[in-house]
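Colleague: Please take a close look at one charged side chain and its surroundings, and explain how you decide whether to call a residue buried or exposed. Then add whatever you have on an acidic residue and on the cysteines.

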Amino acid sequence: MLYPLFDYLDKVLDIPGTGVFRYISFRAGMASLFSLIITISFGHKIIAWIRNKQIGETVRDLGLEGQQEKKGTPTMGGLMIMAAILIPTLLFADLNNIYIILLLITTVWLGTIGFVDDYIKVFKKNKEGLAGRFKIIGQIGIGIIVGSTLYFNESVVIREFTNPVSIEEGVVETPAYRDVKVAKTTIPFTKNNELNYETMLGFMGEAMTPILYIFVVTFIITAVSNGANITDGIDGLAAGTSAIIGITIAIFAYISGNAIFSQYLNIMYIPNSGELVIFASAFVGACVGFLWYNAYPAQVFMGDTGSLMLGGVIAVLALTLRKELLIPVMCGVFVIENVSVMLQVGYFKYTRKKYGEGRRIFLMSPLHHHYQKKNIPEAKIVTRFWIVGILLAVITLATLKLR
């Protein structure tokens, strides 16, 4: 909202100082600052309001130490995260940018699904919440919207340069280029690091290519969204991990939207993707600010309102930056948590069928509960998972290789 205003003040009225709003770094810094202010300054008031409305966590007895102490802790704190993402983005981002529009829709869409799930759990006293099939339908819906937009919208392009950007004696020489409408993505840790979905899927027929691409996008959004949801099981784990991933994505967004840096580091240049830095900065600020109250011992839980939304937003950010193939590494903590559940369930069913009794790989899944069963303090488990997340972020950023 402020972007067109300051653009007018700078270009039309020529008011000194208003031109600073054109710089992505300035707007990103303001977005993260506002996001922190919203969560930290107003967080205690929001928590008090939630407590007064008796919106408390219902806890299943899983036999975990300290579990019952969390009963009644205010939940649906994901509304704080949503507000801290949406308000700074609306204020400081260019709202005509197709990527920003997609992310705003994703935030509201998945946040609403999570809110309905939490509402049923809290007010309807149904511990199962929203039926799984309805969650999946909602995730498929946003997947179709995102996939269709990325594939068909004419504003979603990559820029191919005829020769590298060169810098001589402080003067930047901009080479000739062409903007190409193509479904390409980045293959990590390889020399020729681009994959064209149309080439890969073309053998199935031209009409099938967009359908398969949308299917891939939908699968990624659903998987990462559910991965974040599963990870949100102990204080500070999902929020802290998401903040680490958000910082990584913000770096990619800054480089992908800068012609000089992207060429120098051999990163695909995506016109107008620099605006994603503002959204990613608000995202990180919201997660860090939420940790102020969600760190052990938590004063508030994000609930599905926050976790489903965080995972979905991360997936869409990666897709818009054409870095979705980096998700298994970048979001490694989510992947590990997801896989631990699938292995546990699969092995239990297999052994029950074969031996007549179900056996388990882990003491409990997801993986963080396994360590809780081993009597490792909750705060230590979270810290170690954060360290793993940081290491995975470093590995992900190692793809910023020179030519």
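Modeller: Buried means under 20% relative accessible area, exposed means over 50%, and partly exposed lies in between. The model is predicted. Lys 184 has a relative accessible area of 18%, which is under 20%, so Lys 184 counts as buried.

Lys 184 belongs to strand β5, which covers residues 184-186. Setting aside residues up to four places away in sequence, Lys 184 touches Ile 158, Glu 160, Glu 194, Leu 195, Asn 196, Met 268 and Arg 322. One of these, Asn 196, is 12 residues from Lys 184 in sequence, yet the two C-alpha atoms are 4.3 Å apart in space.

For the acidic residue, take Asp 117. Asp 117 lies in helix α4, residues 98-123. Its relative accessible area is 0%, so Asp 117 is buried as well. Without neighbours within four places in sequence, the contacts of Asp 117 are Glu 128, Gly 129, Leu 130, Lys 135 and Asp 304.

Now the cysteines. Cys 287 has a relative accessible area of 1% and is therefore buried. The value for Cys 331 is 1%, so Cys 331 is buried too. A disulfide is a covalent bond between the sulfur atoms of two cysteines. The search for such bonds covered the whole structure and found 0 disulfides. The cut-off in that search is 2.5 Å between the sulfur atoms of a cysteine pair.

Note on methods. Residues are numbered from 1 along each chain as its sequence is written. This is a predicted model: local features need pLDDT of at least 70, side-chain atom pairs count only at pLDDT 80 or more; totals for chains, interfaces and linings use all residues. Side-chain values use heavy atoms; hydrogens and water are left out. Helices (H or I, at least four residues) and strands (E, at least two) are DSSP runs, numbered from the N terminus. Buried means under 20% relative accessible area, exposed over 50%, partly exposed in between (1.4 Å probe, protein chains only). Contact means heavy atoms within 4.5 Å.
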